[in-house]
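Reader: Please take one part of this model and look at it closely, then place its surroundings around it. I would like a single connected account, with any cut-off stated before it is used.

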Amino acid sequence: MSVQDEPEFYYNLSTGRVEEGKQSSGLDRMGPYATRGEAEQALQIAQERNEAADEAERAWDADD
């Protein structure tokens, strides 16, 4: 099985459910994620990434 044959998982923002493959509109999906477990944590992952980006921006602004 090649990497391209691996399933991709998406978190559906409208339903709050994980989907295997692109089942819903791109506006309603977060992903892709490599595992169902990662997709289940999509909102937490996004929050952590946003917080890290905000911190990096604050550090960048502090250097000016």
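Author: A residue counts as buried under 20% relative accessible area, as exposed over 50%, and as partly exposed in between. The model discussed here is a predicted one. A62 shows how the cut-off is applied: its relative accessibility is 62%, over the 50% limit, so A62 counts as exposed. A62 belongs to helix α2. Between its C-alpha atom and that of G37 the distance is 37 Å, with 25 residues separating the two along the chain.

The part chosen for the close look is strand β1, with the sheet around it. The sheet is open and has three strands, ordered β2-β1-β3, with antiparallel pairing. The edge positions belong to β2 (17-20) and β3 (29-33); each has a single partner strand, so one side of each has no neighbour in the sheet. From one strand to the next, the twist averages 25 degrees.

Strand β1 covers residues 9-12 and is joined to β3 by three bridges, the two running antiparallel. M30 in β3 is the bridge partner of Y11, and F9 has Y33 of β3 opposite it. Helix α2 (residues 42-63) packs on this sheet, where it touches β1 and β3, and its direction is at about 90 degrees to that of β3.

On the β2 side, β1 is joined by four bridges, again in an antiparallel arrangement. N12 has R17 of β2 as its bridge partner, while Y11 stands opposite V18 in β2. These two strands make a hairpin with four residues between them, and in the turn G16 has a positive phi of about 75 degrees. Strands of a sheet pair through backbone hydrogen bonds, either parallel or antiparallel.

What covers the faces of β1? In a regular strand the side chains alternate between the two faces of the sheet. Both faces of β1 are covered, with F9 and Y11 buried on one side and Y10 and N12 buried on the other.

F9 and Y11 also belong to the largest nonpolar core, a group of seven residues that further includes V18, M30, Y33, A39 and A42. Strands β1 and β3 are the elements that give two or more residues to this core. In soluble globular proteins, nonpolar side chains tend to be buried together. For A39, the contacts beyond its neighbours within four places in sequence are with F9, Y10, Y11, V18 and Y33.

Y10, on the other side of β1 from F9 and Y11, has a charged residue over its ring: R29 lies over the face of Y10, at 5.1 Å from the ring centre. How many aromatic pairs does the structure hold? The number is zero.

Back in β3, strand residue P32 takes part in a cis peptide bond. The bond joins G31 to P32, and its omega is about 20 degrees.

Two further residues complete the surroundings. P7 sits in the segment before β1. With a relative accessibility of 30%, P7 falls between the two limits and therefore counts as partly exposed. Leaving out residues up to four places away in sequence, P7 touches E20, Y33 and A34. Its C-alpha atom is separated by 21 Å from that of A46, which lies 39 residues from P7 along the chain.

E40 is found in helix α1 (residues 36-40). Its relative accessible area is 49%, so E40 is partly exposed. From C-alpha to C-alpha, E40 and E8 are 12 Å apart in space, and they are 32 residues apart in sequence.

To return to the chosen part: β1 stands between β2 and β3 in the sheet order, has buried residues on both faces, and is touched by helix α2.

Methods. Residues numbered from 1 in each chain as written. Predicted model: local features only at pLDDT ≥ 70, side-chain atom pairs only at ≥ 80, totals over all residues. Heavy atoms only, no water. Phe/Tyr/Trp six-rings, centres within 6.5 Å; stacked < 30°, edge-to-face > 60°. Lys NZ or Arg CZ within 6 Å of the ring centre and 35° of its normal. Pairing = 2+ DSSP bridges. Axes fitted to C-alpha atoms, helices over the stretch in contact; angles between N-to-C directions. Contact = heavy atoms within 4.5 Å. Core = buried A, V, L, I, M, F, W, Y, C linked by side-chain atoms within 4.5 Å. Buried < 20%, exposed > 50% of the residue type's maximum accessible area, 1.4 Å probe, protein only.
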